[in-house]
Structure formats: structure tokens, C-alpha cells
Amino acid sequence: MGLQNTMRALADVTRREILNLLKRGKMSAGEICEHFDVSGAAISRHLSVLKEADLIFDTRDGKYIYYELNTSVLEEILLWISELKGESHD
């Protein structure tokens with residue numbers, strides 16, 4: 001189920017763009033929203049899907065919640081894809 005959630009999360013262009021934004025470092029939902037022409041509720045839903053897929057995690061700092069990439073899951077995905085391609089990892 002984990003890989004299925006991950007692939008579903010990655011299938012959406014907005015969610016992929018959110019991941020690209022988070023490459024720069026942690027961001028609040030408000031900071032993420034500034035980059036899109038959609039509602040805050042829509043971004044919140046995208047963030048929930050990414051969290052369910054373990055592609056991001058959040059931390060609370062006072063009244064703000066900051067989102068960051070979960071690089072360990074991304075590394076697992078890259079390893080799986082490279083194994084599919086027949087690349088060796090010795």
C-alpha cells in the first residue's frame with residue numbers, strides 16, 4: 001500500500017511542484033500557497049496526500065506548521081526505480 005500511495009501522490013503535478021519547492025528547505029503552508037493559484041484548502045489537501053505517502057513530514061513551531069521533504073522515502077523510491085532499470089548498486 002505504501003508504494004501505491006507514493007505513486008498516487010507523485011501523479012499530480014501540483015504535488016510534484018510542492019516537492020520541488022521543499023527541496024529548498026522547510027516551508028509553512030502559507031509560504032507554499034504563495035506559489036500557486038489555488039485555494040489554501042486545496043494546498044492543504046495536497047499536503048495531506050503527500051504526508052499520507054510519507055513524502056513529507058511536518059513540525060510545529062509555535063502557531064506555524066512547517067513541511068519538509070522526507071528524503072529517506074525518496075531515496076527508497078529512487079533505489080526501487082533504478083533496480084527496475086537493471087542498475088546495480090554495489
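Reading from the N terminus, the elements of this chain follow the order α-α-β-α-α-β-β-α. That gives five helices and three strands in total. Please keep in mind as you look around that this is a predicted model.

## Overall picture

The C-alpha trace spans about 45 × 25 × 25 Å along its principal axes. The chain has 90 residues, and 31% of them count as buried. Among contacts with a separation of 6 or more, 47% join residues that are 24 or more positions apart.

## The sheet

Let us start with the strands. They form an open sheet of three strands in the order E1-E3-E2, and the pairing is antiparallel. E1 (27-28) and E2 are the edge strands, each with a single partner, so one side of each has no neighbour in the sheet.

How many bridges join E2 and E3? Strand E2 covers residues 56-61 and strand E3 covers residues 64-69, and the two pair in the antiparallel sense over six bridges. Within this pairing, aspartate 61 faces tyrosine 64 of E3. The two strands make a hairpin with two residues between them, and the turn holds glycine 62, whose phi is positive at about 65°.

On the other side of the sheet order, E1 and E3 are also antiparallel, here over two bridges. Methionine 27 has tyrosine 67 in E3 as its bridge partner.

Helices pack against these strands as well. Helix H2 (residues 13-22) lies across E1, E2 and E3, and runs at about 95° to E3. H4 also packs on the sheet, where it touches E2 and E3, and its direction makes about 115° with that of E2.

## A look at tyrosine 66

Tyrosine 66 is a good residue to click on in the sheet; it lies in strand E3. Is tyrosine 66 buried or exposed? At a relative accessibility of 18%, tyrosine 66 counts as buried, because the cut-off is under 20%.

Leaving out residues up to four places away in sequence, tyrosine 66 touches Lys26, Met27, Ser28, Glu31, Phe57, Asp58, Thr59 and Asp61. Its C-alpha atom is 9.6 Å from that of glycine 25, although the two residues are 41 apart along the chain.

## Helix H1 against helix H4

Two packed helices are described by the angle between their axes and the distance between the axes. For H1 and H4 the angle is about 150° and the axes are 8 Å apart. This makes H1 roughly antiparallel to H4. Their crossing is left-handed. From H1, the contact is made by Asn5, Arg8 and Ala9, and from H4 by Val49, Leu50 and Glu52.

## Salt bridges

Side chains of opposite charge can pair when their charged atoms come close. In this model, three salt bridges are counted, and they are set out here with the N to O distance for each pair.

| Salt bridge | N to O distance |
|---|---|
| Glutamate 52 and arginine 8 | 3.7 Å |
| Glutamate 52 and arginine 45 | 3.8 Å |
| Lysine 51 and aspartate 58 | 2.8 Å |

What does the pair of glutamate 52 and arginine 8 tie together? The side chains of these two residues meet in a salt bridge. Glutamate 52 belongs to helix H4 (residues 40-52) and arginine 8 to helix H1 (residues 2-10), so the pair ties together parts that are 44 residues apart in sequence. Both residues are also among those that make the contact between H1 and H4.

Glutamate 52 forms a salt bridge with arginine 45 too, and Arg8, Arg45 and Glu52 are linked in a network of salt bridges. How accessible are these residues? Glutamate 52 is partly exposed, with a relative accessible area of 44%. Arginine 8 is partly exposed at 40%, and arginine 45 is partly exposed at 46%.

The remaining entry in the table is the salt bridge of lysine 51 with aspartate 58. Lysine 51 counts as partly exposed, at 34% relative accessibility. Aspartate 58 is partly exposed too, with a relative accessible area of 28%. Aspartate 58 also brings us back to the sheet, as one of the residues that tyrosine 66 touches.

Terms used. Residues are numbered from 1 along each chain as its sequence is written. This is a predicted model: local features need pLDDT of at least 70, side-chain atom pairs count only at pLDDT 80 or more; totals for chains, interfaces and linings use all residues. Side-chain values use heavy atoms; hydrogens and water are left out. Two strands pair if DSSP finds at least two bridges between them. Helices (H or I, at least four residues) and strands (E, at least two) are DSSP runs, numbered from the N terminus. A salt bridge is a side-chain nitrogen of Lys or Arg within 4 Å of a carboxyl oxygen of Asp or Glu. Buried means under 20% relative accessible area, exposed over 50%, partly exposed in between (1.4 Å probe, protein chains only). Axes are lines fitted to C-alpha atoms, for helices over the stretch in contact, and angles run from 0 to 180 degrees between N-to-C directions. Angles under 35 degrees count as roughly parallel, over 145 as roughly antiparallel, 65 to 115 as roughly perpendicular and the rest as oblique. A crossing is left-handed if the near helix is turned anticlockwise from the far one by less than a right angle, and right-handed if clockwise. Contact means heavy atoms within 4.5 Å.
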